[in-house]
Amino acid sequence: MLPLLFVLCVFPIFAATPATSYADLYRVFHMPLSDVSGWLKKDKGDRVKDLFLARYHLPLTGRGGIQRIPLDVVKSYNEGLRYAPLCVEAPKKETFLFLFSGIFRGTIAVNGEQKGVFSPEHPFDHSTTELTLDPGVYSVLFTFEPPARDEAPLLLADRPITYASRGFTKNFRSSLKVREHPFPERELAGWLYENGILPSSQDDDLGYAVTRAVDDPTATIKDGLSEKTPLLVLLRHTEDKKAREMLKRIGFDDEALEWWELFLGKRKKEAP
């Protein structure tokens with residue numbers, strides 16, 4: 001993991017999305033905490049923003065039901081393939097929207113029958129899958145090739161999933177549509193993510209103060225914590241009880257905060 005850097009020249013080259021520019025997406029890390037909750041709820045229906053939030057383990061609070069789906073990824077005997085099974089129960093006829101990202105290519109099968117193919121050009125691209133199920137229990141299997149960095153894929157759904165443990169319905173009806181969506185500036189976005197770099201648009205005293213508070217491993221919070229504290233500073237100081245409580249109030253959980261400790265390279269090794 002490289003040290004956290006702030007690339008002041010990045011924002012002008014990000015392409016705009018229909019709802020949110022990429023400058024706005026990354027700018028959340030420099031927002032005061034008091035502004036973050038409102039920002040999270042904006043641009044509902046912006047799937048790129050949903051994926052950005054999930055990829056950086058930011059709360060999906062207020063996103064219209066979008067939620068992260070945990071996947072139990074299994075390696076196949078073929079080293080190039082991974083399997084991610086889901087057992088879904090549909091109490092009534094329903095259409096689920098899945099957002100799938102972080103893979104090279106793959107397929108989706110329903111009750112053993114291949115229904116669709118994923119063919120993204122880059123791991124930061126994503127596939128939307130509209131899966132319509134008649135009432136019943138369904139085994140949904142995602143088969144995919146992971147990217148070179150072998151990170152877990154990212155799967156979101158537009159509604160809660162009812163998980164089932166019993167066998168799938170023998171006589172079933174389902175339909176599926178898959179669409180591919182490119183991620184603008186995906187090479188740059190992927191490079192920033194893989195190297196633990198978060199860009200900043202602020203070349204001023206506040207920007208420098210945030211940089212020092214995050215990049216310096218010996219830095220402490222001198223002015224105390226408040227709702228005006230930038231989000232990234234709080235994420236850098238999750239060992240502080242007050243900082244942790246403030247982050248949890250806007251939707252962070254322990255798993256997300258632990259991820260940020262690793263991402264910012266400040267997890268301390270446990271004593272033997």
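Among contacts in this protein chain between residues at least 6 apart in sequence, 72% join residues at least 24 apart. The model under discussion is a predicted one. Its chain has 272 residues, of which 48% count as buried, and the secondary structure comes to eight helices and 10 strands.

I turn to the open sheet. Five strands make it up, in the order β2-β3-β8-β5-β6, with antiparallel pairing. At the edges stand β2, residues 74-75, and β6, residues 113-118, each of which pairs on one side only. Strands of a sheet pair through backbone hydrogen bonds, either parallel or antiparallel. Here β5, residues 105-110, meets β6 in the antiparallel sense over five bridges. Within that pairing, G106 has F118 of β6 as its bridge partner.

Next, strand β9. Which strands pair with β9? One is β1, residues 67-68, which is antiparallel to β9 and joined over two bridges. Another is β4, residues 94-101, which also runs antiparallel to β9, with four bridges between them. L156 of β9 appears in both pairings: R68 stands opposite L156, and L99 stands opposite L156 as well. As for the side chains of β9, L154 and L156 point one way, L155 and A157 point the other way, and all are buried.

That brings me to the nonpolar cores. The largest has 49 residues, and those with the most contacts inside it are F29, Y56, L58, L231, F252 and W260. Once neighbours within four places in sequence are left aside, W260 is in contact with F29, Y56, H57, L58, L198, L232, L235 and F252. There is also a second, separate core of 22 residues, which includes L86, V88, I103 and the β9 residue L155.

W260 belongs to the buried set of α8, together with A256, L257, W259, E261 and F263. Against which helices do the buried residues of α8 pack? They pack against α3, α4, α6 (231-236) and α7 (241-249). After α8 comes G265, with a positive phi near 70°.

Now the largest pocket. Its space is about 740 Å³. Of the 33 lining residues, A54, R55, H57, R68 and L154 are the closest to the centre. The elements that give two or more residues to the lining are α3 (47-55), β9 (154-157), α4 (186-194) and α8 (254-263). With four residues, α8 gives the most. By residue class, the lining divides into 21 nonpolar, five polar and seven charged.

Finally, the backbone offers two residues other than glycine with positive phi: D43, near 60°, and H57, near 55°. D43 lies in the loop between α2 (33-41) and α3, while H57 lies in the loop between α3 and β1. Are these residues buried or partly exposed? D43 has a relative accessible area of 28%, so it counts as partly exposed. H57, by contrast, is at 15% relative accessibility and therefore counts as buried, since the limit for that class is under 20%.

To draw the threads together on H57: this residue is among the closest to the centre of the largest pocket, and W260 of the largest nonpolar core is in contact with H57. R68 and L154 are likewise among the residues closest to the pocket centre, and R68 stands opposite L156 of β9.

Conventions. Residues are numbered from 1 along each chain as its sequence is written. This is a predicted model: local features need pLDDT of at least 70, side-chain atom pairs count only at pLDDT 80 or more; totals for chains, interfaces and linings use all residues. Side-chain values use heavy atoms; hydrogens and water are left out. Two strands pair if DSSP finds at least two bridges between them. On a 1 Å grid over the protein atoms alone, a cavity is a set of points where a 1.4 Å probe fits but cannot get out, and a pocket is an open set with protein on both sides within 12 Å along at least five of seven lines; lining residues have an atom within 4 Å of a point. Grid points are joined across faces, edges and corners, and a volume is the space filled by probe spheres set on the points. Ala, Val, Leu, Ile, Met, Phe, Trp, Tyr, Cys and Pro count as nonpolar, Asp, Glu, Lys and Arg as charged, and the others, Gly among them, as polar. Buried means under 20% relative accessible area, exposed over 50%, partly exposed in between (1.4 Å probe, protein chains only). A nonpolar core is a set of buried Ala, Val, Leu, Ile, Met, Phe, Trp, Tyr and Cys residues joined through side-chain atoms within 4.5 Å. Contact means heavy atoms within 4.5 Å.
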